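Here's a quick tour for anyone meeting this protein for the first time. Keep the view open as you read, and follow along from heading to heading.

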Amino acid sequence: MALYEPFPNYIWNLSVSIAMESGGLIGEIVDMCQPIIDAAANGGDAGTPHFMKQWSAMGDKLIDLAAEDEARGRLFSASNKLERASLYLLVAERMQGHGAPGRKETYAKAREAFDRSTALGKINRERVEIQLESGTMPALYTRAAGPGPHPVVVYCNGLDSCKELLYWSRLPEALARRGISTLCVDQPGSGEALRLQDLPVDPHSESWASKAVDWLEAQADVDSKRIGMTGISLGGHFAPRAVAYEPRFASGAVWGANHNWREVQDKRMKREGENPVPHYWAHVMWAFGAADMDEFLAKSEDMNLNGHMDRIKVPFLVTHGANDRQISVTYADDLYDQLINAPRREKVIFTAREGGVEHVGADNMAYGRDCIADWFAETLGGATA
């Protein structure tokens, strides 16, 4: 199992794989990629405006086609097209540097298409906002079917994802099938919280995760004793940290162990390992609200789970891809080994036998999705059959 690699660099191929695993169609993806293969030859940063142009054009075309469906009363078909339009626009936006021309407008168009798709398709996701100490945390709430109260999982972003991509990972769908609701959050430093409110990363994730628990406890359809937490990519720092310091979480999991992300930065400065997005250093300084590298490195000092994991006293699952080119699989060992007080702990390394070997299953998210959904069903009282 491997990434689909039409381009000569990892970062562009990662974006293509994210799109494919999030519901993109191969024919549309080929049409977008073919004209810009040469533009990717100079590395991940150069040529990203060409990427934006091709992928935004496909998004615009799908929005036009959706309008034609809607005019004929074919609302589900319109929703399907808007869903892919939003996806392609968000992938295009994610590839641009902070402040790049058209980035802000592309993000707004993507969000509008997503919200329109939700309404026309009657999709099981509700946009909510959770009050923080400063600003709000936008989120998508997917409800389990049937009478509640239900268990629920808080699902957080990595460095460069957004709540829409969390939804498209289909983990909320897998959890709902097992009787568990999901709250996908744009925590500070990601998604809307960063782009529209300038809220930077908070390494002490319990500060915003606790606010999510407060909100969930006020919902009539939530069983407040059965709330779990997971995160993808850099969420592999945020979720364990939150579970360690917020005692109301009843179970936890990571989709990619990010045990010592501060150390990862030292390795990246030595060009060890792949970057997740183009214009990487500009992105992390933006996400952390740092004016320069020295300030970023200082602010990221606390992105290290060593010395904290013995505080976790609930079941915890660690997953990682055996061929993760961004974050070493050894960090999964570190996290698992330090869960000394978890009453149940499990480590799953995805290999070539099943797939999901790349960073957070970019080559195949099915196994990570099922594994994490089953874990929460078993530890929060959902169903696996």
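## Helix H5

Let's start at the end of a helix: right after H5 comes Lys122, and its phi is positive, near 50°. Keep in mind that what you're looking at is a predicted model.

H5 itself covers residues 103–121. That's 19 residues, and the distance from the first C-alpha to the last is 27 Å, close to the 27 Å expected at 1.5 Å a residue. Which of its residues are buried? The list is Arg103, Thr106, Tyr107, Ala110, Arg111, Ala113, Phe114, Ser117, Thr118, Leu120 and Gly121.

## The second largest pocket

H5 also turns up in a pocket wall. The second largest pocket holds about 250 Å³ of space. It has 15 lining residues, and His98, Arg103, Lys104, Arg195 and Trp286 are the ones closest to its centre.

Which helix gives the largest share of that lining? H5 does, with six residues. Helix H8 (191–195) is another contributor, supplying at least two residues. Sorted by character, the lining of this second largest pocket has seven charged residues, six nonpolar and two polar.

## The largest pocket

Now for the largest pocket, with a volume of about 350 Å³. Its lining is made up of 16 residues, and Ile11, Arg268, Arg271, Gly273 and Asn275 lie nearest the centre.

Three helices each put at least two residues into this lining: H1 (10–21), H11 (261–269) and H12 (280–288). As for the mix in the largest pocket, seven lining residues are nonpolar, five are polar and four are charged.

## Two positive phi values in loops

Arg271, one of the residues nearest the centre of the largest pocket, deserves a second look. Its phi is near 60°, which is positive even though the residue isn't a glycine. You'll find Arg271 in the loop between H11 and H12. Is Arg271 buried or exposed? It's exposed, because its relative accessible area is 80%, and the cut-off for exposed is over 50%.

Ser233 is another non-glycine with a positive phi, of about 60°. This serine sits in the loop between strand E5 (222–232) and helix H10 (235–245). Ser233 counts as buried, because its relative accessible area is 16%, and buried means under 20%.

## Helix H3 and its neighbours

Head over to helix H3, which takes in residues 48–71. Its 24 residues should span 34 Å at 1.5 Å a residue, and the end C-alpha atoms are 35 Å apart, so the two agree.

The buried residues here are Thr48, Phe51, Met52, Trp55, Ser56, Met58, Gly59, Leu62, Ala66 and Asp69. What do they pack against? Their partners are H1, helix H2 (26–33), helix H4 (75–94) and H5. So two helices from the pocket linings show up again here, because H1 and H5 are both among those partners. Just after H3, Gly73 has a positive phi of about 80°.

## A cis peptide bond

One last stop. Gly148 and Pro149 are joined by a cis peptide bond, with omega at about 5°. To find the spot, go to the loop between strand E2 (136–142) and strand E3 (150–156), where Pro149 is located.

Note on methods
Residues are numbered from 1 along each chain as its sequence is written. This is a predicted model: local features need pLDDT of at least 70, side-chain atom pairs count only at pLDDT 80 or more; totals for chains, interfaces and linings use all residues. Side-chain values use heavy atoms; hydrogens and water are left out. On a 1 Å grid over the protein atoms alone, a cavity is a set of points where a 1.4 Å probe fits but cannot get out, and a pocket is an open set with protein on both sides within 12 Å along at least five of seven lines; lining residues have an atom within 4 Å of a point. Grid points are joined across faces, edges and corners, and a volume is the space filled by probe spheres set on the points. Helices (H or I, at least four residues) and strands (E, at least two) are DSSP runs, numbered from the N terminus. Ala, Val, Leu, Ile, Met, Phe, Trp, Tyr, Cys and Pro count as nonpolar, Asp, Glu, Lys and Arg as charged, and the others, Gly among them, as polar. The expected span of a helix is 1.5 Å times one less than its number of residues. Buried means under 20% relative accessible area, exposed over 50%, partly exposed in between (1.4 Å probe, protein chains only). Contact means heavy atoms within 4.5 Å.
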